[in-house]
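Work through these short exercises with the coordinates open. Try each task before reading its solution.

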Amino acid sequence: MKKEKRFVKVYTQGILETFEIWVDTETGVNYAYHQAGHSGGMTPLLDANGKPVITLDFDEK
């Protein structure tokens with residue numbers, strides 16, 4: 001039984017300081033991840049109304 005990935009990276013920018021967008025494949029919620037040096041953080045990506053951005057159809061890379 002093949003286990004599917006729960007989170008898929010759909011966007012990345014930068015090398016030493018990176019910004020990425022990850023999608024939860026079960027809920028479709030998008031998360032923004034920022035990493036600089038030895039620290040980083042992830043948070044839900046929100047729209048203009050403060051609701052989570054949902055992607056139900058995406059290309060897995």
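The exercises below concern a predicted model.

**Exercise 1. Describe the fold elements.**
Task: state how many helices and strands the protein chain has, and in what order the elements run.

Solution. Count the elements: there are zero helices and four strands. Read from the N terminus: the order is β-β-β-β.

**Exercise 2. Place T18.**
Task: find the element that holds T18, decide whether T18 is buried or exposed, and list its contacts beyond four places in sequence.

Solution. Start with the element: T18 sits in strand 2, residues 17-24. Next, take the relative accessibility, which is 9% for T18. Buried means under 20%, so T18 counts as buried. Last, leave out neighbours within four places in sequence: T18 then touches Q13, Y33, H34 and Q35.

**Exercise 3. Classify the aromatic pairs.**
Task: work out the geometry of the aromatic pairs, of which the structure holds two.

Solution. Take F7 and Y31 to begin. Their ring centres are 6.0 Å apart and their planes stand at 70°. Planes over 60 degrees apart count as edge-to-face, so this pair of F7 and Y31 is edge-to-face. F7 belongs to strand 1 (residues 7-13) and Y31 to strand 3 (residues 30-36), so the pair ties together parts 24 residues apart in sequence. Check the cover: F7 is partly exposed at 36% relative accessibility, whereas Y31 is buried at 19%.

Now take Y11 and F19. Their centres lie 6.3 Å apart with planes at 65°, so this pair is edge-to-face. Y11 is partly exposed at 37%. F19 is partly exposed at 28%.

Note on methods:
Residues numbered from 1 in each chain as written. Predicted model: local features only at pLDDT ≥ 70, side-chain atom pairs only at ≥ 80, totals over all residues. Heavy atoms only, no water. Helix = DSSP H or I, 4+ residues; strand = E, 2+ residues; numbered from the N terminus. Buried < 20%, exposed > 50% of the residue type's maximum accessible area, 1.4 Å probe, protein only. Contact = heavy atoms within 4.5 Å. Phe/Tyr/Trp six-rings, centres within 6.5 Å; stacked < 30°, edge-to-face > 60°.
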